[in-house]
Amino acid sequence: MGKLSQKEDVSELIAIAAMPADDLARIPERENLLVVVVDRPTNPGNLGTLIRSCDALRVDGVIIRTCHSVDLYDPETIRATVGSFFSLPIIRLPSSQELIPGWKG
């Protein structure tokens, strides 16, 4: 538990959860949709803070272009979200091609 928590005072609780699929359909379709796209974030703490800010601003979803980026499931990222990680859909995509049909960027 000490290795998992990376803290001196470890918790006695643990949860095992399935990671949701990286499917754009998880972001609800609606009028005035607000989605934040992050291109290859490099700092886990900053990514977590961004996710927390998106939750506070009622963003409908976050899309992360993951090519050579920080791991969304990095403990520092999860910790920096302060729970917002579980409040909005966060989708990882390897490239931007899935976002704009016909675009070859």
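1. Which residue of strand 3 stands opposite Ile-63? Ile-91 of strand 3 stands opposite Ile-63, and Ile-63 itself is placed in strand 2. Helices (H or I, at least four residues) and strands (E, at least two) are taken as DSSP runs and numbered from the N terminus.

2. Basis of the note. This is a predicted model, in which local features need pLDDT of at least 70 and side-chain atom pairs count only at pLDDT 80 or more, while totals for chains, interfaces and linings use all residues. Residues are numbered from 1 along each chain as its sequence is written, and side-chain values use heavy atoms, with hydrogens and water left out.

3. Overall layout. The protein chain has three helices and three strands, and from the N terminus on these elements run α-β-α-β-α-β. Taken along the principal axes, the C-alpha atoms of the protein chain fill a box of roughly 50 × 30 × 25 Å. Of the 105 residues, 27% count as buried (under 20% relative accessible area, with exposed meaning over 50% and partly exposed in between, for a 1.4 Å probe and protein chains only). Among contacts (heavy atoms within 4.5 Å) between residues at least 6 apart in sequence, 74% join residues at least 24 apart.

4. Strand 1 and strand 2. Strand 1 (residues 35-39) pairs with strand 2 in the parallel sense, over five bridges (two strands pair if DSSP finds at least two bridges between them). Within this pairing, Val-35 stands opposite Gly-61 in strand 2. From strand 1 the chain passes through helix 2 (residues 44-56) to strand 2 in a right-handed β-α-β crossover; right-handed here means that, with the strands pointing away from the viewer, the path from the first strand over the helix to the second runs clockwise.

5. Strand 2 and strand 3. Strand 2 (residues 61-65) and strand 3 (residues 90-93) also run parallel, joined by four bridges. Val-62 has Ile-90 as its bridge partner in strand 3. Strand 2, helix 3 and strand 3 make a right-handed β-α-β unit. Strand 2 thus takes part in both pairings, with strand 1 and with strand 3. Strand 2 is also mostly covered, since four of its five residues are buried.

6. Surroundings of Ile-63. Ile-63 counts as buried because its relative accessible area is 6%. Leaving aside neighbours within four places in sequence, Ile-63 is in contact with Leu-24, Ile-27, Val-35, Val-36, Val-37, Val-38, Ile-91, Leu-93 and Leu-99. The C-alpha atoms of Ile-63 and Arg-92 are separated by 5.9 Å, although these two residues lie 29 residues apart along the chain.

7. Two threonines of helix 3. Thr-77 and Thr-81 both lie in helix 3. Thr-77 is counted as buried because its relative accessible area is 0%, and Thr-81 is buried because its value is 0%. Neighbours within four places in sequence aside, Thr-77 is in contact with Pro-44, Leu-47, Gly-48, Ile-51, Val-70, Asp-71 and Leu-72. Thr-81, not counting residues up to four places away, touches Gly-48, Ile-51 and Arg-52. Gly-48 and Ile-51 therefore appear in the list for Thr-77 and in that for Thr-81.

8. The largest pocket. About 990 Å³ of space lies in the largest pocket. Its lining comprises 25 residues, of which Ile-14, Ala-15, Pro-75, Ile-78 and Phe-86 are the closest to its centre. On a 1 Å grid over the protein atoms alone, a pocket is an open set of points with protein on both sides within 12 Å along at least five of seven lines, a cavity is a set where a 1.4 Å probe fits but cannot get out, and lining residues have an atom within 4 Å of a point. Grid points are joined across faces, edges and corners, and a volume is the space filled by probe spheres set on the points.

9. Make-up of the pocket lining. Helix 1 (2-5) and helix 3 (75-81) each supply at least two residues of this lining, and helix 3 gives the most, with three residues. By class, 19 residues of the lining are nonpolar, two polar and four charged (Ala, Val, Leu, Ile, Met, Phe, Trp, Tyr, Cys and Pro count as nonpolar, Asp, Glu, Lys and Arg as charged, and the others, Gly among them, as polar).

10. The cavity. The structure holds one cavity of 30 Å³ or more, and the space in the largest cavity is about 30 Å³. Val-37, Ile-63, Arg-65, Leu-93, Ser-95, Ser-96 and Leu-99 line the largest cavity. This lining has four nonpolar, two polar and one charged residues. Ile-63, the residue of the opening question, is thus one of the residues that line the largest cavity.
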